[in-house]
Amino acid sequence: SIAAQTMDSAIESHFASLALGKARFATRVTRLPDEDAAAHGLDEIVFEVQTNPGMPWGILAKVASGGELSRISLAIQVIIAQRVTTPTLLFDEVDVGVSGPTASAVGKLMRKLSANTQVICVTHLPQVACYGHQQQFVMKQTQDGQTETQMQCLDNSGRIDELARL
């Protein structure tokens, strides 16, 4: 459909800055027979990706690595956020396999996305963390055979120290 192709092009427009190289994205829409109508309608929608030229197309969830999936998801969310508001988005591993300018591009896109929704991101990269409105320090402690995770909200000084440490 024309709408799917338009969305696919918009999503792909973010791929270069997200270190997805020459990856391709396609939304496959298949019309189901009327007797197979379900609560979500008559269309079956599948997201497919070709991660590198010459590689076969495959279902996004099966073909993409965790880092690729997170970055493609970020591109999708940026496009969708222009029309639909999701209360909170959580990204983990969005920065896997990237650094430097690409990590900065990821951070910028998430900052842009945060104009319409709450974005929570788990990251180890200062190029991503520096774009957040707030920063939490997450630590694990093991005591008496039990592991607990704690979070501490960083003030401006603590944030600068943590970004420098990263």
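## D144, a residue in a loop

At 75% relative accessibility, D144 counts as exposed, because exposed means over 50%. Keep in mind as you look around that this is a predicted model.

Where along the chain does D144 lie? You will find D144 in the loop between β6 and β7, the latter covering residues 146–153. The backbone here is worth a look too: D144 is not a glycine, and yet its phi is positive, at about 55°.

## A19, another positive phi

Now turn to A19, which sits in the loop between α1 (2–12) and β1 (24–31). A19 is a residue other than glycine, and its phi has a positive value near 55°.

Is A19 buried, partly exposed or exposed? With a relative accessibility of 39%, A19 counts as partly exposed, because that class lies between the 20% limit for buried and the 50% limit for exposed.

## K140, a residue in a strand

Let's move on to K140, which belongs to strand β6, made up of residues 136–143. K140 has a relative accessibility of 67%, so K140 counts as exposed.

Which residues does K140 touch, once its neighbours within four places in sequence are set aside? K140 is in contact with T147, E148 and T149. You can also use K140 to compare the two ways of describing a separation: K140 and A23 are 117 residues apart in sequence, and in space their C-alpha atoms are 37 Å apart.

Technical notes. Residues numbered from 1 in each chain as written. Predicted model: local features only at pLDDT ≥ 70, side-chain atom pairs only at ≥ 80, totals over all residues. Heavy atoms only, no water. Helix = DSSP H or I, 4+ residues; strand = E, 2+ residues; numbered from the N terminus. Buried < 20%, exposed > 50% of the residue type's maximum accessible area, 1.4 Å probe, protein only. Contact = heavy atoms within 4.5 Å.
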